[in-house]
Amino acid sequence: MKIAGQSTLDAAVESIWPLLFDPRTLLELLPGCEQVEQVAPDEYRGRMTLRVPAIAGTYETWVKVLKY
């Protein structure tokens with residue numbers, strides 16, 4: 001499964017950027033996320049539980065923060 005998306009935040013880059021590299025913040029930002037651990041400077045591994053009609057499951061996930 002691949003879940004992708006983007007968001008625009010109304011805040012200064014300097015205040016948001018450090019939060020994207022904080023596992024505790026990522027845990028709060030990713031819906032259904034139960035665990036996040038940093039495995040590289042810009043990569044995280046975690047576990048999330050997703051529930052949609054007729055389908056539910058717990059999945060291992062990988063997050064990479066891309067710099068533009």
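Visitor: What joins the side chains of T49 and E34?

Guide: In this model, which is predicted rather than determined by experiment, the side chains of T49 and E34 are joined by a polar contact of 2.5 Å. The name applies because a polar contact is a pair of N or O atoms within 3.5 Å, one able to donate a hydrogen and the other to accept it, and the 2.5 Å of this pair falls within that limit.

Visitor: What makes the pairing of T49 with T58 a polar contact?

Guide: The side chains of T49 and T58 are joined at 3.1 Å, which again lies within the 3.5 Å cut-off, and therefore this pair carries the name as well.

Visitor: Why is T49 called buried?

Guide: The relative accessible area of T49 is 12%, and buried means under 20%, so the term fits. T49 has its place in strand β2, residues 43-52, and, leaving aside neighbours within four places in sequence, T49 is in contact with G32, E34, G57 and T58.

Visitor: Why is Y59 called partly exposed?

Guide: Y59 has a relative accessible area of 31%, and because the partly exposed class lies between the limits of 20% and 50%, that value belongs there. This residue lies in strand β3, residues 55-64.

Visitor: What makes Y59 eligible for a nonpolar surface patch?

Guide: A patch residue needs over 30% relative accessible area, so Y59 with 31% passes that step, and Tyr is counted among the nonpolar side chains. Together with V52 and I55, Y59 makes a nonpolar surface patch of about 270 Å².

Visitor: Which residues form the largest nonpolar core, and what makes them a core?

Guide: The largest nonpolar core has 6 residues, namely F21, L26, C33, V36, Y44 and V65. They are called a core because each is a buried residue of a listed nonpolar type and the set is joined through side-chain atoms within 4.5 Å. In soluble globular proteins, nonpolar side chains tend to be buried together. One member, V36, is in contact with P23, L26, L27, Y44, R45 and G46, leaving aside its neighbours within four places in sequence.

Visitor: How many helices and strands does the chain have, and in what order do the elements run?

Guide: The chain has 2 helices and 3 strands, and from the N terminus on the elements run α-α-β-β-β.

Visitor: What share of the chain is made up of buried residues?

Guide: Of the 68 residues in the chain, 19% are buried, while the accessible surface comes to about 5,700 Å², with 57% of that belonging to carbon and sulfur atoms.

Methods
Residues are numbered from 1 along each chain as its sequence is written. This is a predicted model: local features need pLDDT of at least 70, side-chain atom pairs count only at pLDDT 80 or more; totals for chains, interfaces and linings use all residues. Side-chain values use heavy atoms; hydrogens and water are left out. Patches are made of residues with over 30% relative accessible area and no salt bridge: like charges are joined within 9 Å, nonpolar side chains (Val, Leu, Ile, Met, Phe, Trp, Tyr) within 5 Å. Accessible areas come from the Shrake-Rupley method with a 1.4 Å probe; for residues, only the protein chains shown count as cover. A salt bridge is a side-chain nitrogen of Lys or Arg within 4 Å of a carboxyl oxygen of Asp or Glu. Helices (H or I, at least four residues) and strands (E, at least two) are DSSP runs, numbered from the N terminus. Buried means under 20% relative accessible area, exposed over 50%, partly exposed in between (1.4 Å probe, protein chains only). Contact means heavy atoms within 4.5 Å.
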